[in-house]
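Hi there,

Here is the structure I promised to pass on. Have a look at it first, and my notes follow underneath.

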Amino acid sequence: MASENDFETEQLPELVKAKWPNVTLEVTKLPDDNYYTSLKTKLASGECPDIILAQPMYAGSNSCYALADAGYLTSLNDLDCLENMNDLAAVTYDDNVVVCTAGVSILGTYYNKDIFEECGINEEPATWGALLDACEKIKDKGYQPIVMGDKDQYVMQFGLYQIACNEIYSENAEYDAQLRTGDTAFTDEGTWDTVLTMYNELYEKGYIDVSQSLGLGASQAITDFVDGKAAF
């Protein structure tokens, strides 16, 4: 959603107008779910905006490979800015760069050092067992170990991804590509079954309170962490 003095909806149109006075950029920002629905409708009606948000490869319902295959994206090979970008394979379809990357997203976990110290946790957990031990100590002290904003459905993927990068992709970086060729499957033992079992353990043991998380959006979960109501 757009915020006050938002870059995309306020600053960017002004920068474009200053550079190209004859161009007027109209920007609409929507929540993720609304955006995907709106994009699908506009594509079907032939009224798609000139510039859209797309995800790399086959990620999500607006993946650049699927959009390019359907003929909705054009080649960006002539853009000068591509000269300063590396490793564009994830946005290159049929030898054409079809999405100009805006950046790289990084997943991580914040933790409260004061709560750690109070609970006698002297270092960041480096293994799954150490994480569970830390969560138990935190819970015993009366704190919520982990807060998640599961009311916003997109949040649910983040914990899974961080486990998967260790349990699946550290062993096979080509796992996703091999899903499409049939060389791997979601049902392969020791892959997503392990990831889902591990993540579910956090809920089963109350380290993530499902009665709270399903009622919290992402912003409220962040606020609860900042206010010291949860350790992670």
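How many disulfides does the count come to? Please keep in mind that this is a predicted model. The answer is 0 disulfides.

Two cysteines are worth a look here. The closest cysteine sulfur to that of Cys-100 belongs to Cys-81, and because the two lie 3.7 Å apart, they miss the 2.5 Å cut-off for a disulfide. Cys-100 is partly exposed, as its relative accessible area is 33%. Cys-119 is in no disulfide either, with 10 Å between its sulfur and the nearest one, in Cys-135. Unlike the partly exposed Cys-100, Cys-119 is buried, at a relative accessible area of 10%.

Now to the interior. The largest nonpolar core has 28 residues, and the members that touch the most others are Ile-138, Tyr-199 and Phe-232. At least two residues of this core come from each of α4 (113–118), α5 (128–140), α6 (156–169) and α8 (192–204). It is α8 that gives the largest share, with 6 residues.

If you want a place to start, try Ile-138. Beyond its neighbours within four places in sequence, its contacts include Ile-115, Phe-116, Ile-121 and Tyr-143. Ala-231 and Phe-232 are also among them, and so is Cys-119, the buried cysteine from above. Gln-144 and Pro-145 complete that set of contacts.

There is also a second core, separate from the one above, with 15 residues. Leu-39, Leu-82, Leu-88 and Val-91 are among its members.

Happy browsing, and best wishes!

Conventions
Residues numbered from 1 in each chain as written. Predicted model: local features only at pLDDT ≥ 70, side-chain atom pairs only at ≥ 80, totals over all residues. Heavy atoms only, no water. Buried < 20%, exposed > 50% of the residue type's maximum accessible area, 1.4 Å probe, protein only. Core = buried A, V, L, I, M, F, W, Y, C linked by side-chain atoms within 4.5 Å. Helix = DSSP H or I, 4+ residues; strand = E, 2+ residues; numbered from the N terminus. Contact = heavy atoms within 4.5 Å.
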